[in-house]
Amino acid sequence: MAEFKIEPFPFLWGKERYFGDNYLEIISDQSIVSMAITRGDEEKFSTQFTNIFGNPPPKPGKFVNSIDNDYKFLWMSPDQIFALFKRENLYPETKIQKLMGDSGFYTDQTDNWCQIKLTGPHLIQVFERICPLDLNRQKFPVGNCARTIMEHLSTIIVHDSEEGFLVLSPSSSSESFLEAIEQSFINTGDY
Amino acid sequence: MIIDHPLLGPRDAAEFVYLGDARLINRPDWASLDADQEFYEYLYLRDNPEGQHKELWYHEQGDRSWLVVTRNTFTHEIINVELAREVAQNSGR
């Protein structure tokens with residue numbers, strides 16, 4: 001009997017596109033691990049987090065990088081953080097669990113999200129058509145992240161550099177999400 | 001309508017789901033001698049004020065927190081926004 005080996009395949013894999021000076025790229029080599037903080041262990045979690053990653057956990061509406069820049073941590077809710085880091089294997093949650101111990105619960109979320117990196121000068125105009133959040137640089141500077149919607153689709157938007165944004169959306173509707181962004185580029189420029 | 005989230009600042013009402021009267025936080029004690037009457041009132045009786053009203057809103061497309069929003073039902077002005085978790089804790093729950 002044939003032996004089948006099943007491996008996950010990243011959503012929207014390999015897609016990239018220029019819209020004038022703006023560039024859209026699918027991120028396929030980044031793991032996402034949910035860190036849920038055990039109630040009553042908030043201080044223990046924070047101390048362990050700071051000792052391991054060199055910076056304290058992110059504040060509401062913010063993200064922080066580990067001191068070696070290998071990890072990015074997104075604040076999701078008062079007791080949940082998403083950890084983003086380079087994909088090494090199919091079990092990224094075990095890496096975080098080994099580092100953090102028993103002060104939280106860690107689950108692999110990688111296959112639940114598509115990840116799109118956008119860079120370029122016209123992204124605010126593209127997003128303001130489809131997102132209710134005020135992404136003006138004064139209101140949403142580099143270092144901010146937020147869970148919100150674009151069109152009607154759940155979105156996590158991360159202002160991770162002066163050049164652009166990282167956006168995440170549920171993988172089940174990733175094609176629609178990509179189309180919403182591409183259509184907004186078309187609606188706001190001569191592409 | 002804009003809801004000024006206590007942790008995240010102004011957010012569009014489209015990110016939220018409305019549940020209703022914030023008195024739902026105060027679930028009666030099942031062991032109370034008047035539990036039947038208290039649960040009847042808890043489940044079925046609602047005030048319908050024209051004016052200030054405390055309501056539960058869920059930030060579904062955001063940080064998944066429950067909020068207690070004090071809103072004027074006549075003008076739709078939002079007077080106050082609190083985390084439901086803190087409202088419950090402050091009331092001894």
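**A quick tour of chains A and B**

A:Asp79 and B:Arg85 pair up in a salt bridge, with their closest N and O atoms 3.4 Å apart. Keep in mind that this is a predicted model. Below, we start where chain B meets chain A, then step inside chain A to see how its two assigned domains touch, and finish with the cysteines.

**Where chain B meets chain A**

- Chain B puts 11 residues into the contact, and chain A puts in 15 residues.
- Together the two chains bury about 1,100 Å², with 56% of that on carbon and sulfur atoms.
- On the chain B side, the residues that lose the most area to chain A are B:Gln61, B:Asp63 and B:Arg85, and together they make up 38% of what that side buries.
- B:Arg85 therefore turns up twice: it is in that trio, and it is also the chain B partner in the salt bridge with A:Asp79.
- The count of salt bridges across this interface is 1.
- Sorted by class, the side of chain B that touches chain A has 6 charged, 3 nonpolar and 2 polar residues.
- As for polar contacts, 4 residue pairs are counted between chain B and chain A, with both residues at pLDDT 80 or more.

**Two domains inside chain A**

- Domain 1 of chain A comes in two pieces, 16–27 and 112–188, while domain 2 covers 30–111.
- The C-alpha centres of these domains of chain A are 23 Å apart.
- Each domain gives 15 residues to the contact between them.
- About 1,300 Å² is buried between domain 1 and domain 2 of chain A, and carbon and sulfur atoms supply 56% of it.
- In domain 1, A:Asn112, A:Trp113 and A:Cys145 lose the most area to domain 2 of chain A, adding up to 36% of what that side buries.
- Salt bridges between the two domains of chain A come to 0, but there are 8 residue pairs in polar contact, both residues being at pLDDT 80 or more.

**What about the cysteines?**

- The disulfide count over all chains is 0.
- Why does A:Cys114 not form a disulfide? Its closest cysteine sulfur belongs to A:Cys131 and sits 15 Å away, which is too far for a bond.
- A:Cys114 counts as buried, because its relative accessibility is 1%, and the cut-off for buried is under 20%.
- For A:Cys145, the closest cysteine sulfur is again in A:Cys131, at 13 Å, so a bond is out of reach there too.
- A:Cys145 is buried as well, at 2% relative accessibility, and it is one of the domain 1 residues that lose the most area to domain 2 of chain A.

Methods. Residues numbered from 1 in each chain as written. Chains lettered and ligands numbered in written order. Predicted model: local features only at pLDDT ≥ 70, side-chain atom pairs only at ≥ 80, totals over all residues. Heavy atoms only, no water. Contact = heavy atoms within 4.5 Å. Buried area = accessible area lost by both parts, 1.4 Å probe. Salt bridge = Lys/Arg side-chain N within 4 Å of Asp/Glu carboxyl O. Polar contact = N/O pair within 3.5 Å; in protein donor to acceptor, adjacent residues only side chain to side chain. Nonpolar A, V, L, I, M, F, W, Y, C, P; charged D, E, K, R; others polar. Disulfide = S-S within 2.5 Å. Buried < 20%, exposed > 50% of the residue type's maximum accessible area, 1.4 Å probe, protein only. Domains from an automatic or database assignment.
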